[in-house]
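Walk through this fold one strand at a time. Keep the model open as you read.

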Amino acid sequence: MSQFEKYHPILTPHYTFDWLTKVRVIDVFNLYQTSNATATMETTAAQINHTMREIFHDHQLVWGVTDRDTNAFVGQVGFAPIDTAKHEATLSVDLTATYQQVTTLREILERLVAFGTVELKLNRLTLILPKHDDLMAQILAGLNFSTTDHLTFNYHGKLQV
């Protein structure tokens with residue numbers, strides 16, 4: 001059994017992180033369409049299946065996020081890729097436009113960093129933004145991430161909340 005199979009659902013005060021197979025494919029498709037206009041339902045389903053295979057081979061740990069009050073799809077987050085032997089991972093955070101706000105991003109990122117450092121014993125996390133994002137940069141700085149180029153953020157050490 002994969003060590004990552006047991007890591008669901010993960011809860012925060014307002015959100016649930018669960019397997020992508022637990023959310024509607026149309027919601028994931030709509031999210032993927034925002035960054036890839038060529039995404040189709042077929043390619044989305046194939047990507048979800050690929051992601052789940054990677055989770056079961058301990059190469060990624062990715063969840064679909066839903067709002068606990070409304071059950072609305074919030075986005076996709078996780079560690080992709082992850083290397084537990086080297087104790088490092090790349091964070092991925094892709095939220096729908098509705099949820100790209102300070103409170104949501106902070107709650108989700110705090111949970112990811114805490115989970116990664118405490119549960120998975122990761123000591124290096126990297127988050128690469130596709131384009132400069134002042135809001136995300138502000139939140140990451142508040143969580144003790146550092147950057148030199150405003151696109152690549154690195155975290156070393158313990159979460160300060």
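Which residues of strand 2 (residues 15-18) point one way, and which the other way? This is a predicted model. In it, Tyr15 and Phe17 point one way, whereas Thr16 and Asp18 point the other way. A general pattern lies behind this: in a regular strand, side chains alternate between the two faces of the sheet. Are these four strand 2 residues, Tyr15, Thr16, Phe17 and Asp18, buried or exposed? All are buried.

Now look at the neighbours of strand 2. Strand 1 (residues 10-11) runs antiparallel to strand 2, and 2 bridges join them. Leu11 stands opposite Thr16. With 3 residues between them, strand 1 and strand 2 form a hairpin. Strand 2 also pairs with strand 3 (residues 61-67). That pairing is antiparallel too, over 4 bridges. Here Phe17 stands opposite Val65 of strand 3.

Next, step back to the sheet. It is open, has 8 strands and follows the order 1-2-3-4-5-6-8-7. The pairing is mixed. Strand 1 and strand 7 (146-147) stand at the edges, and each has a single partner strand, so one side of each is left without a neighbour in the sheet.

Go to the edge at strand 7. Its partner is strand 8 (residues 152-156), joined by 2 bridges in the antiparallel sense. Ser146 has Asn154 in strand 8 as its bridge partner.

Finally, add a helix. Helix 3 (residues 102-119) lies across strand 1, strand 2, strand 3, strand 4 (73-83), strand 5 (88-95), strand 6 (124-128) and strand 8. Helix 3 runs at about 160 degrees to strand 5.

Note on methods
Residues are numbered from 1 along each chain as its sequence is written. This is a predicted model: local features need pLDDT of at least 70, side-chain atom pairs count only at pLDDT 80 or more; totals for chains, interfaces and linings use all residues. Side-chain values use heavy atoms; hydrogens and water are left out. Buried means under 20% relative accessible area, exposed over 50%, partly exposed in between (1.4 Å probe, protein chains only). Two strands pair if DSSP finds at least two bridges between them. Contact means heavy atoms within 4.5 Å. Axes are lines fitted to C-alpha atoms, for helices over the stretch in contact, and angles run from 0 to 180 degrees between N-to-C directions.
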